[in-house]
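Got the model loaded in your viewer? Here's a walk through it, one selection after another.

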Amino acid sequence: MRIFIVKRLLLGILVLFGVITVTFVLVRIIPSDPAAQWVGPRATVAQIEAARMELGLNDSVFVQYADFISDLMRGDLGKSIRTHQPVMKELKTFLPATLELVWISTFFGVFIGLYLGVLSAQRKDQWVDHLCRFFSVATVSIPSFWVGLLLQSVFYGHFDILPLGERLSMNVKLFNEIPDITGMLLFDSLITGNTVVFFDALKHLILPGFVMALFPIGLVARMTRSALLEILNEDYIVAARSYGLPERIIMWSYALKNSLGPTATVVTLAIGFTLVNTFLVESIFSWPGIGNYIASAIVSLDYPAIMGVTIFSAVSYVFLNLVADLVIALDPRVRI
Amino acid sequence: MENYFEIKNLQVNYRTYEGEKSVLNIERIVLEKGKTFGLVGESGAGKSILAQTILGVLPRPPGVIKGGSIFFNGEDLLLKSEKNMRKIRGKKIAMIFQDPMSTLNPVFTVGTQIVRVIRQNQGVNKKEAIKRAIEKIELVKIPDAEGIMDAYPHELSGGQRQRIIIAMALSCDAELLIADEPTRNLDVTIQAGILKLLSKLQKELHVTVLFIANNLGLVSATCDNLAMLHDGKIIEMGTTNEVLYNPQHPYTRAFIEAMPKDREHDCHLKRIFANSNPKEQFSGCQNVSLCLEKEDKCNLSVPVLKLYSGTHYVACHMA
């Protein structure tokens, strides 16, 4: 087990290395002039040249790459060309908002998805099943920005019961002390007992969280349903029934544990997708997170920022895959 | 006197793309308390369907129970609700399945599975259930019962798994055991061990056993009474001696002759009638095309089970 984890971590570092190299090369192939961006629109030729020296853009690509890697080892991702702030510092500011959104939507996505999957396997070919299947196909195929806009127009535009976007209302921001421990507002306000901030943050989280949860719900529900249907035909399920075990235990314990493998793989894929999905959802809901951050970084070809976010996503994917493998190893037949 | 266990006019159909076809049509089976009843037939004769119908775990669809009744202690099992059937399954009637490789849940330890069955059926706490589980494992003669409790099914051999399944079936103190080809996937030496264990347990615990097999050798060694099942119908029934030593139905005779005996003189397997295609509808005896002893009347009507002598019943126009 321990050897497996160490092996996978080493492999993960290799993957990261590859991702960094490819992104590094790609960013440099795209025709642009970061030095000109760095000094602003009204800079003289001499200023641009000076900036180019400062950013090390005159060195060969290999020297730049070596510099980048050695900076990275020290935890330095360079300075954002757009804002002139260290990328690491900016990531730390924007990341918690995104993580809050991703965790909450995945958590609900997975549990609602599992429940729907079990429900539809239990009532195969009945109307509940058809409804669940329709729902899961819909959630996977309808683009999230469309759902986001629709929900905004209904709940903000028509009923005016939920906020349009951002993490907190203006008056809450002005008149309350906003706790900052982990940066995740719900958690921070909960442990400091700040109910005003907590409920306001919760209200702001509902719509973007729901939009982001749709994809995992659909994916997990479909996967769980098909895995369960296959398992429910197994001899040990018939045997369990014939020993008088109630359907509840058979479904939620005997069958579900056997279907965990495919479901776990899909869940990690879904979290990965959710991370990418923040890109759209955060833009629509003006959520000050990593998706919004990289959207503006890409538009202005802010390559240190792009690299920073890429490395973060790659690290998350490697980590999530490791978690999936560990979940699959709950099956005693899998030896790791 | 009321019979302990009796099947009357049971009819089970299967839904196919060409409509419903009869797969089981049993006029009468009676099990005596404390005895072993053998049900013999080829693959596809309907043996497992019968077992699943008795326990109420027949997948429906495609199965459809058309009519008849299964009396157990005077109550008709087919009229019981799913909730009441669950009180019978495990507690009163338990089943030993044919494939020990796939009957245990692969992701739980053997102990967890037996303990759960015991807690469900006996309503005792966990500690007591563990104690009883260990007793049952010792009863089926597996050494190191406590160690086995923590083993996963894939860590056990086929014979050990089948013993665990027997322990599980016994762990609810059921009075009727349905053994559906319990030795089918085991090799011969382990078969012998399992059979010995089953008949020993049957004598010690006074359970009634419905023993389903496709091997006459196994049945003759363990069963008091015997029924031959062919094409979903009982074609001959009686005590083991009556059926095996005085077979009246041509199919039974062919079945007995098909047993490999002396390898030097008998190296060709005898041909026996296959199960007919359930899609074909025919007014006469199902076996008429392959039977060597047929007469004109065999084409006209389906033979019914009738008394031949003593307790010996045969369904053949010629008997």
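Start by selecting I194(B), L198(B) and L201(B): these are the buried residues of α8(B). Keep in mind as you go that this is a predicted model. Now look straight down the helix axis. The buried residues of α8(B) fall within an arc of 70°, so they line one face of the helix. The general rule behind that pattern is simple: an α-helix has 3.6 residues a turn, so residues three or four places apart point the same way.

What sits on top of that face? Color α7 (158-170), β7 and α9 (216-222) of chain B, which are among the elements covering the buried residues of α8(B). Then flip to the other side of α8(B), where V188(B), T189(B), K203(B) and E204(B) are exposed.

While the helix is still highlighted, try a quick distance check. α8(B) covers residues 188-205, and at 1.5 Å a residue its 18 residues should span 26 Å; the C-alpha atoms at its ends are 25 Å apart, which agrees. Step just past the end of α8(B) and pick H206(B), which takes a positive phi of about 55°.

Next, go to the loop between β7 and α8 of chain B and click on R184(B). Is R184(B) buried or exposed? It's in between: R184(B) counts as partly exposed, with 17 other C-beta atoms within 10 Å. Leaving aside residues up to four places away in sequence, R184(B) touches Q98(B) and D99(B). Draw a C-alpha to C-alpha distance from R184(B) to Q98(B) and you should get 6.0 Å, although the two are 86 residues apart in sequence.

Now for β6(B). Show I93(B) and M95(B) on one side of the strand, then A94(B) and I96(B) on the other: all are buried, so to speak of both faces, β6(B) is covered on each. Its partner is β7 (residues 176-180) of chain B, and the two run parallel, joined by 4 bridges. Two pairs to display here: I93(B) has L176(B) as its bridge partner in β7(B), and A94(B) stands opposite L177(B).

Zoom out to take in the whole sheet. It's an open one of 8 strands with mixed pairing, and in chain B the order runs β6-β7-β8-β3-β9-β10-β12-β11. Which strands stand at the edges? They are β6 (93-96) and β11 (306-309) of chain B; each has a single partner strand, so one side of each is left without a neighbour in the sheet. Ignoring direction, neighbouring strands of this sheet are turned by 20° against each other on average.

From there, move along to β9 (residues 225-230) of chain B. How many of its 6 residues are buried? The count is 6 of the 6, so β9(B) is largely enclosed by the rest of the structure. Select N225(B), A227(B) and L229(B) for one side, then L226(B), M228(B) and H230(B) for the other; both faces are covered. The alternation follows a general rule: in a regular strand the side chains alternate between the two faces of the sheet.

Add the partners of β9(B) to the selection:

- β3 (residues 36-40) of chain B pairs with β9(B) in the parallel sense over 4 bridges, and L39(B) has A227(B) as its bridge partner.
- β10 (residues 233-239) of chain B pairs with β9(B) in the antiparallel sense over 6 bridges, and L229(B) is matched with its bridge partner I234(B).

Follow the chain from β9(B) into β10(B) and you pass through a hairpin with 2 residues between the strands; D231(B) in the turn has a positive phi of about 60°.

Another sheet to visit: an open one of 4 strands in chain B, ordered β2-β1-β4-β5, with antiparallel pairing. Its edge strands are β2 (19-31) and β5 (75-76) of chain B, each pairing on one side only. Helix α1 (residues 47-55) of chain B packs on this sheet, touching β1 (5-16), β2 and β4, and its direction makes about 75° with that of β2(B). At the β5(B) end, 2 bridges join it to β4 (residues 63-72) of chain B; show F71(B) and its bridge partner D76(B).

Last stop: turn on both chains. The contact takes 18 residues from chain A and 23 residues from chain B. On the chain A side, α11 (235-242) and α12 (247-258) each supply at least two residues, and the largest share, 7 residues, comes from α11(A). Color that side by residue type and you'll find 9 nonpolar, 3 polar and 6 charged.

Technical notes:
Residues are numbered from 1 along each chain as its sequence is written. Chains are lettered from A and ligands numbered from 1 in the order in which they are written. This is a predicted model: local features need pLDDT of at least 70, side-chain atom pairs count only at pLDDT 80 or more; totals for chains, interfaces and linings use all residues. Two residues are in contact if their C-beta atoms, placed from the backbone, lie within 7 Å. Ala, Val, Leu, Ile, Met, Phe, Trp, Tyr, Cys and Pro count as nonpolar, Asp, Glu, Lys and Arg as charged, and the others, Gly among them, as polar. Two strands pair if DSSP finds at least two bridges between them. Axes are lines fitted to C-alpha atoms, for helices over the stretch in contact, and angles run from 0 to 180 degrees between N-to-C directions. The expected span of a helix is 1.5 Å times one less than its number of residues. A residue is buried if 20 or more other C-beta atoms lie within 10 Å of its own, exposed if 12 or fewer, and partly exposed in between; C-beta atoms are placed from the backbone. The arc is that of the directions from the helix axis to the C-beta atoms.
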